[in-house]
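Here's a quick tour for anyone meeting this structure for the first time. Have a look at the sequence and the model, then read on.

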Amino acid sequence: ISILSDEKLECLRKLEKHTEKITGLTVFQYDFKLVSSSLDKQIIQWDLVTGECLSVITAPSSVKGLAGFNNGTNFLALVEDGSLCSVSFLSGTVSKPIEVFDNRNII
């Protein structure tokens, strides 16, 4: 992941830890953090100012997508088998797959 300047698009720093394709990025401007996900099963929280890796959580399988909440510590990860897992950087955990219930066809 390359962090570029907003004016000249010069590389300010590189965030290097993932070993496979990156599948998701979420930026939290208020505390200058970035969270990335990858096919390498890692979900990483970065400090955008220093480029430091703050925390790494390993998902049960390759992460295909990532959605963050406003608090910057809780996420939903879409994993390889199509299930969703809850991710918490506060506790450093990934939940078992979440069951999604579709009630559109219920009378």
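## Strands side by side

How many bridges join β4 to strand β5 (residues 42-47), and which way do the two run? There are five bridges, and the strands run antiparallel. Keep in mind that this is a predicted model. One pairing to look for is S36, whose bridge partner in β5 is I44. Three residues sit between β4 and β5 in their hairpin, and K41 in the turn has a positive phi of about 80°.

Now for strand β3 (residues 22-28): six bridges join β3 to β4, again in an antiparallel arrangement. Here S36 turns up once more, as the bridge partner of L25. The hairpin of β3 and β4 has four residues between the strands, and F32 takes a positive phi near 55° there.

As for β4 itself (residues 33-38), this strand is mostly covered, with five of its six residues buried.

## Inside the cores

The largest nonpolar core has 13 residues. Those touching the most other members are V35, I43, L66, F75, A77, V87 and F89. Three elements give two or more residues to this core: β7 (63-68), β8 (74-79) and β9 (84-88). Of these, β8 gives the most, with three residues.

Want a single residue to zoom in on? Try L66: leaving out residues up to four places away in sequence, L66 touches G24, T26, V35, S36, S37, I43, F75, L76 and A77.

There's also a second, separate core, made of six residues, with L15, L34, W46 and L48 among them.

Conventions:
Residues are numbered from 1 along each chain as its sequence is written. This is a predicted model: local features need pLDDT of at least 70, side-chain atom pairs count only at pLDDT 80 or more; totals for chains, interfaces and linings use all residues. Side-chain values use heavy atoms; hydrogens and water are left out. A nonpolar core is a set of buried Ala, Val, Leu, Ile, Met, Phe, Trp, Tyr and Cys residues joined through side-chain atoms within 4.5 Å. Buried means under 20% relative accessible area, exposed over 50%, partly exposed in between (1.4 Å probe, protein chains only). Contact means heavy atoms within 4.5 Å. Two strands pair if DSSP finds at least two bridges between them.
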